[in-house]
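Open your viewer, keep the selection box handy, and set the display to cartoon with side chains on demand. We will go from stop to stop, selecting something at each one.

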Amino acid sequence: MSAGRPEDAQAVALRPYGEDALLVDVPDAERARALGRRLVAELPGLVVDAVPSAVSVLVRLAPGWPTEHARDVVAGLVAGPAADVAGPAADPAGAVVEIPVAYDGADLAEVAARCGLTPAEVVQRHTARTYTAAFAGFAPGFVYLEGLDPLLVLPRRDDPRTRVPAGSVAIAADHTAVYPRESPGGWHLLGRTDVAMFDAAADPPARVRPGDRVRFVAVNLDVDAAVDAAVDAGAGAGR
């Protein structure tokens with residue numbers, strides 16, 4: 001089996017990742033989630049956890065297994081075209097999480113202008129979708145959500161902020177997400193939520209997990225007025 005990224009986009013590649021882990025390359029996030037579920041379900045004595053990302057799965061192995069033998073067992077499961085190893089094409093029904101949002105973000109007016117929409121139309125399009133939690137990354141509780149309206153797709157900001165408040169609801173490229181804690185960031189800020197996205201004392205600690213469905217619900221009805229108020233208050237001064 002190839003040790004690098006496959007030339008064929010439909011192939012699966014596997015390589016060591018430290019002493020007790022393997023990294024499996026797959027074509028997309030949907031296959032990564034499906035393969036992760038299958039590895040955990042079918043190899044419970046060997047696979048401790050499987051963490052999907054956009055185009056790979058990090059497979060944590062139980063300690064004590066000879067490395068080469070563990071690789072052979074996992075390779076036997078993932079060998080072949082990705083369509084055959086990843087299981088069903090669609091995610092199973094995960095939790096449906098509704099997140100209330102006050103759409104008064106510092107970038108909402110700019111996003112609207114760049115997309116040829118009004119702020120209210122941006123909000124309508126952002127709340128009209130049911131998103132799929134594709135994978136987590138960047139910070140605990142930061143989950144990349146797939147399913148953004150194509151008209152809202154924008155590259156990341158040219159000038160990232162050094163401070164993005166916790167609870168900020170944002171978009172970048174073809175994803176949307178909620179910042180779980182204050183941090184630097186280069187996404188476009190549409191609004192904010194009071195929902196805690198990560199709590200280490202909770203079980204599970206992450207409010208949204210890969211495979212879940214997410215809907216955003218606007219809590220401010222007059223979006224244009226909220227945008228005007230945010231601008232007047234200097235909310236956009238941090239650009």
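Start by selecting Ile171 and His188: His188, in β12, is the bridge partner of Ile171. Strands here are DSSP E runs of at least two residues and helices are H or I runs of at least four, numbered from the N terminus. Now show the whole of both strands, and you will see β9 and β12 pairing in the antiparallel sense over four bridges; two strands pair if DSSP finds at least two bridges between them.

A word on what is on screen: this is a predicted model, in which local features need pLDDT of at least 70 and side-chain atom pairs count only at pLDDT 80 or more, while totals for chains, interfaces and linings use all residues. Residues are numbered from 1 along each chain as its sequence is written, and side-chain values use heavy atoms, with hydrogens and water left out.

**Stop 1: around β9**

Stay with β9 and turn to its other partner. Strand β10 (residues 175-178) runs antiparallel to β9 and is joined to it by four bridges. Select Val169 and you will find Val178 of β10 opposite. The hairpin of β9 and β10 has two residues between the strands, and Ala173 there takes a positive phi near 55 degrees.

How many of the five residues of β9 are buried? Five of the five are, where buried means under 20% relative accessible area, exposed over 50% and partly exposed in between, with a 1.4 Å probe and protein chains only. In a regular strand the side chains alternate between the two faces of the sheet. In β9, Ser168, Ala170 and Ala172 are buried on one side, and Val169 and Ile171 are buried on the other.

**Stop 2: the whole sheet**

Select the strands in the order β5-β13-β6-β7-β10-β9-β12: they form an open sheet of seven strands with mixed pairing. β5 (96-101) and β12 (188-192) stand at the edges with a single partner strand each, so one side of each has no neighbour in the sheet. Ignoring direction, neighbouring strands of this sheet are turned by 35 degrees against each other on average.

Next, pick β6 (residues 131-136) and β7 (residues 143-146), an antiparallel pair joined by four bridges. Phe135 stands opposite Tyr144 in β7.

**Stop 3: an edge-strand residue**

Which strand holds Ile99? Ile99 is found in β5, and it counts as buried because its relative accessibility is 1%. Show its surroundings: leaving out residues up to four places away in sequence, Ile99 touches Val178, Thr193, Val195, Met197, Val214, Arg215, Phe216 and Val217, a contact being heavy atoms within 4.5 Å. To link back to Stop 1, draw a C-alpha to C-alpha distance from Ile99 to Val169: these residues are 70 apart in sequence and 9.7 Å apart in space.

**Stop 4: helices**

Bring up helix α1 (residues 29-42), which lies across β6 and β7 and runs at about 70 degrees to β6. Axes are lines fitted to C-alpha atoms, for helices over the stretch in contact, and angles run from 0 to 180 degrees between N-to-C directions.

Then select α4 and helix α5 (residues 119-128), whose axes come within 8 Å and cross at roughly 90 degrees. That makes α4 roughly perpendicular to α5, a label for angles of 65 to 115 degrees. At the interface, Leu108, Ala109, Val111 and Ala112 in α4 meet Pro119, Val122 and Val123 in α5.

**Stop 5: two polar contacts**

Select Arg157, in the loop between β7 and β8 (161-164). Is Arg157 buried or exposed? Arg157 counts as buried, at 9% relative accessibility. The side chain of Arg157 makes a polar contact with that of Asp107 (3.0 Å). A polar contact is a pair of N or O atoms within 3.5 Å; within protein, one must be able to donate a hydrogen and the other to accept it, and residues adjacent in sequence count only if both atoms are side-chain atoms.

Finish at Ser56 in strand β4 (residues 56-61). Ser56 is buried at 12% relative accessible area, and its side chain makes a polar contact with the side chain of Ser53 (2.7 Å).

Conventions:
Angles under 35 degrees count as roughly parallel, over 145 as roughly antiparallel, 65 to 115 as roughly perpendicular and the rest as oblique.
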